[in-house]
Amino acid sequence: MNVEQQTDSSTVRRPDGTAAPWMPRVLIAAAIYNLAWGGFAIAWPLALFRWTGFEPLPIYPEFWQCIGMIVGVYGVGYAIAATDPFRHWPIVLVGLLGKIFGPLGFAAAALDGRLPAALGWTILTNDVIWWIPFVVILWSAAKASQCRMAHWAVAPPTAPIDPVGRLLSQFGASLSELSRESPVLTVFLRHSGCTFCREALADLGQQRHHVEALGTTIALIHPGHSHPTELLERYGLADVHCFRDPAGVLYDAFRLSRGSFRQLLGPAVWWRGFLAWQKHGIGPLNGDGFRMPGVFLLHHGAIVRAFRHLSAADRPDYVDLAKLPERAASSDAQSTHA
């Protein structure tokens, strides 16, 4: 596949950044539920305890009425958040935290026998059923925010461009030019604060001699707003061509999408991240934290090998990917003899 030919206006696009239609509806439903539940607790503070057989009944129903007031106030917050779920994500986050820590507190009290287990059914409707939609709203808001930050930092072009031939490294070369001189192992990184980005740079630093012994040049692409000079020096890669791509036009050209929740925060990612963090640490966010990495071998402007990460934790074999396939090598030999 020729990257230069496939790059068109479809690879240059602005993020939508708007909430899905179901998100405001969920927040309105949460607002109505909280206002109704809070109003009921204020008007009839002991009714729920009677229904669940709580003995003896609380002698200070005012405390339960205060809880009803707090729940009702959350309802007002959800109604406000429904007007723009992404803009008002802090309200959703505070609500989610309450819906997580509330059940934990109830579980502790129920296990000690201080609250009847029958009260637990309220946890399902008050808290549990809202976990998934609230998490999805927050995740989507974070993704939209990262997109907006990238496009504020570098405005996307209004006309189609060829990022492979036009974007330049810190040494003034394009990927297209480099790939005509020798095969180029093009490594797309995550943001430089990510422990997997640092692990990838460490692996490349260790395997660099073997990669270059194959006649292959290494080129790095990263989505950061600033050049990761310190990291490149730390891993012995300061003299490697590095392309800064905060707008993601190269990532789009190579069909590297933004990661899903499972790809970025799945169970395997957490475990691998813990192992990588012990060796390489983490740093501040520098660029779009949702960008997925990948590795490609470019030769004369065409992709001859490709590795697109299925999760942020994947760890490719850079030396194997740096080997020019036999067909491409034979074509080069024939061109030389000709």
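Does W271 count as buried or exposed, and what is its relative accessibility? In this predicted model, W271 has a relative accessibility of 53% and therefore counts as exposed, since the term applies to values over 50%. A residue of this kind can still have an aromatic partner, and aromatic pairs are a good place to begin a walk through the structure.

The structure holds 16 aromatic pairs. One of them joins F188 and F254 in a tilted arrangement, with 4.9 Å from centre to centre and 55° between the planes. This pair links distant parts of the chain, for F188 belongs to strand β1 (residues 184-188), while F254 sits in the loop between α11 (249-253) and α12 (261-265), 66 residues apart from its partner. Both F188 and F254 are buried.

Another pair brings us back to W271, which is stacked with F274 at 5.9 Å centre to centre and with 25° between the planes. Because W271 and F274 are three residues apart in helix α13 (residues 267-280), about one helical turn separates them. F274 has a relative accessible area of 38% and so is partly exposed, whereas W271, as noted at the start, counts as exposed. Elsewhere, aromatic rings form a group beyond a single pair: Y33, Y74, Y78, W130 and F134 are linked by ring pairs into a cluster.

From the rings we can turn to the surface, where a nonpolar patch is formed by W22, W89, L93, L97, I100, F101, L104, W131, I132 and V136, which together have about 930 Å² of accessible area. Two helices, α5 (89-111) and α6 (121-153), each supply at least two residues of this patch, and α5 gives the most, with six residues. L97 is a useful residue to look at in this setting, as its place is in helix α5, and with a relative accessibility of 37% it therefore counts as partly exposed.

The last stop is the sheet, which is open and consists of five strands in the order β3-β2-β1-β4-β5, with mixed pairing. Its edge strands are β3 (241-244) and β5 (302-308), each of which pairs on one side only. On average, neighbouring strands of this sheet are turned by 20° against each other, when direction is ignored. At one side of the order, strand β2 (residues 217-222) pairs with β3 in the parallel sense over four bridges, and the bridge partner of I221 in β3 is F243. Strand β1, which takes its place in the order of this sheet, is also the strand that holds F188 of the tilted pair.

Key
Residues are numbered from 1 along each chain as its sequence is written. This is a predicted model: local features need pLDDT of at least 70, side-chain atom pairs count only at pLDDT 80 or more; totals for chains, interfaces and linings use all residues. Side-chain values use heavy atoms; hydrogens and water are left out. Rings of Phe, Tyr and Trp (its six-membered ring) pair if their centres lie within 6.5 Å; planes under 30 degrees apart count as stacked, over 60 as edge-to-face and the rest as tilted. Buried means under 20% relative accessible area, exposed over 50%, partly exposed in between (1.4 Å probe, protein chains only). Patches are made of residues with over 30% relative accessible area and no salt bridge: like charges are joined within 9 Å, nonpolar side chains (Val, Leu, Ile, Met, Phe, Trp, Tyr) within 5 Å. Accessible areas come from the Shrake-Rupley method with a 1.4 Å probe; for residues, only the protein chains shown count as cover. A salt bridge is a side-chain nitrogen of Lys or Arg within 4 Å of a carboxyl oxygen of Asp or Glu. Two strands pair if DSSP finds at least two bridges between them. Axes are lines fitted to C-alpha atoms, for helices over the stretch in contact, and angles run from 0 to 180 degrees between N-to-C directions.
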